[in-house]
Every structure is written in C-alpha cells, then in structure tokens.
Amino acid sequence: MPDITLTTLQSLKQKGEKITMLTCYDATFAHAASQAGVEILLVGDSLGMVLQGHDSTLPVTNTDMAYHVACVKRGNQGALILADLPFMAYATLEQTFANSAQLMQAGAHMVKVEGAAWLADSIRQLAERGIPVCAHLGLTPQSVNILGGYKVQGRQEAQARQMRADAITLEQAGAAMILLECVPSELALEITQAVKIPVIGIGAGSACDGQVLVMHDMLGLSISGRVPKFVKNFMIGQPDIQSAFQAYVAAVKDVSFPAIEHGFSA
Ligand code: KIV
C-alpha cells in the first residue's frame, strides 16, 4: 500500500489542493521524486521515447512496462504508482485483465488506458476486480497514426462536447482518475468541474486538479531538441535534480505552474 492512496487524492481534489504527478522509470529517480513530495509516479509508456529512443510509444511492450514498474517500486517512498498499459495491451478484455494483473503484481497501484467511451466496459470490469483505472483523454499518443500527429485535441465544439461526455461516461463506469493531454485550458476547466474524480493535466491549463510532466522534459533533457509549449525546465536556477523536483512540487501546489503561456486556447 502506498502512503498516497485514492482516498488521499480524492480529498486533495475536495480541498482544492493541487496534485503532483511526474513520470518515473527507475528506482533512483523514484526515490528522489517521492522524497521531494511528488504524489503520483507515472511509469508512462513515454519510456519508449525518452529511455528507448523510439520516435513514438508504439514499440513499448507490457514486459517493458512491468520491468520499469518493478524498478520504480523498489525506490518509491510512499507515492502512488500509476502504470501505462501500452499500445494494444488492452485491445481485448482478456488482454486487459492479464496485462493489468502483470503491472499490478509488479508494483503498480493503478493502471492508465488511452481512449474514450469505448473503454467504459474494460474500466468497469477492472474496477470490479480491484484495479483502479486512470482514463487518458485528449491527445492520446498511442493513436498518433489516427490523429495525424501530436496535436491539441478538443478545439472544435463537437470534439469538445464529445470529450466532456466521454469524461462523464468513464467516471460513471468507475474510472478513478482522468488525465487530459493537450486540450484547451477552458475545456479542461469544464471537465474538471464536471467530474468528482481527480483530473490531472499536461498541456491542459492550471484549472485541472493536478499536473504531470515527463521527467526528462522538466529536467531540460531532450533528444530531439523540440520542447513542447507546456513544458517548463525546472532545473534552471536549481543546484541539483532533487531541488528541481521540489521546485516542481512547489510550483504545482501554489499554481504558479502551469502559467498561461504553457496552455492552449480553443
Ligand atoms: O506516457 C506518459 O508519460 C504519459 C504522459 C505524457 C502523461 O502518458
């Protein structure tokens, strides 16, 4: 059991205190980030890009994910560990059960799936079997080939209406958390107010209940040199990585990050 549980996160939302999440893939960084006060360590399939050097998250396997979850678990000091189910690991119900079980047995406390209302049944069935689920909406990188690139989602009114409806459907199905990636700040605000479960944003403005960044991005590390608009380099002005993590936690908590310029308009 982590020190941070779903109950903790729910009560942070109710109190209006922002929730901090950071991606993490190994024991040493898990130790540093959780010691710095990061409440959720996301073992994201972004590891395919930042650790493995691929140009998308599609090559990542569930075996890769389970390995990194187990590493993070060994260094973690009380944060909640959220693990991505990678591309095609939840295409059928049987795969969803088996792959989620593998991640939970490796040390995850919650799994994350990318998609919309079509996931309602899987989310309901996982929750019934004791596995909390975070639903990732907006820019869903596993669908980059359908989306035609890494683009802001929900700018058109019909798309925005659909995303609001999907969030409510997935909450009703039993989702424990929603993650919104690259959606206009105003839409993220509406979704955050429309659901009772915590909503974590990345490129979704400051109104979400919490924030997440890819750890390498916020440490100023990049293979491509392209830095997304929503990223802030927290190493600037800090003597070491531990201090950068603490600065990130402080900035999310006092809502100085994300600033207006890190968000997207409709
Ligand atoms: O895989 C990941 O790191 C993610 C974040 C971009 C939210 O899903």
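Me: What makes a stretch of this chain count as a helix or a strand?

Reply: Helices and strands here are DSSP runs: a helix needs at least four residues and a strand at least two. On that basis the chain, which is a predicted model, has eleven helices and eight strands.

Me: How do you know that the chain agrees with a compact globule?

Reply: Set the two numbers side by side. A compact globule of 266 residues would have a radius of gyration near 18 Å, and the chain has 17 Å, so the value agrees. As for its extent, the C-alpha trace spans about 45 × 40 × 40 Å along its principal axes.

Me: How much of the chain counts as buried?

Reply: Buried means under 20% relative accessible area, and 56% of the 266 residues count as such. What the chain does expose comes to about 11,200 Å², with carbon and sulfur atoms supplying 54% of it.

Me: Why is Asn62 called buried?

Reply: Asn62 has a relative accessible area of 8%. The cut-off for buried is under 20%, so Asn62 is buried. You'll find Asn62 in helix α4, residues 62-75.

Me: What makes the link between Asn62 and Asn99 a polar contact?

Reply: The side chain of Asn62 reaches the backbone oxygen of Asn99 at 3.2 Å, and the limit for such a pair of N or O atoms is 3.5 Å. So the distance falls within the limit. Leaving aside neighbours within four places in sequence, Asn62 is also in contact with other residues, among them Leu85, Pro86 and Ala89.

Me: Is Met88 buried or exposed, and how do you know?

Reply: Exposed takes over 50% relative accessible area. Met88 has 52%, so Met88 is exposed. Met88 is found in the loop between β3 (80-84) and α5 (93-106). Its phi is near 65°, a positive value in a residue other than glycine.

Me: And why does Cys182 count as buried?

Reply: Cys182 has 5% relative accessibility, and buried means under 20%, so Cys182 counts as buried. Cys182 sits in the loop between β6 (177-181) and α9 (185-194). Cys182 isn't a glycine, yet it has a positive phi of about 50°.

Me: Which residues does a cis peptide bond join, and what is omega there?

Reply: That bond joins Phe257 and Pro258, with omega about 0°. As for the setting, Pro258 is in the segment after α11 (241-253).

Terms used: Residues are numbered from 1 along each chain as its sequence is written. This is a predicted model: local features need pLDDT of at least 70, side-chain atom pairs count only at pLDDT 80 or more; totals for chains, interfaces and linings use all residues. Side-chain values use heavy atoms; hydrogens and water are left out. The radius of gyration is taken over C-alpha atoms; the globule rule is 2.2 Å times the number of residues to the power 0.38. Buried means under 20% relative accessible area, exposed over 50%, partly exposed in between (1.4 Å probe, protein chains only). Accessible areas come from the Shrake-Rupley method with a 1.4 Å probe; for residues, only the protein chains shown count as cover. A polar contact is a pair of N or O atoms within 3.5 Å; within protein, one must be able to donate a hydrogen and the other to accept it, and residues adjacent in sequence count only if both atoms are side-chain atoms. Contact means heavy atoms within 4.5 Å.
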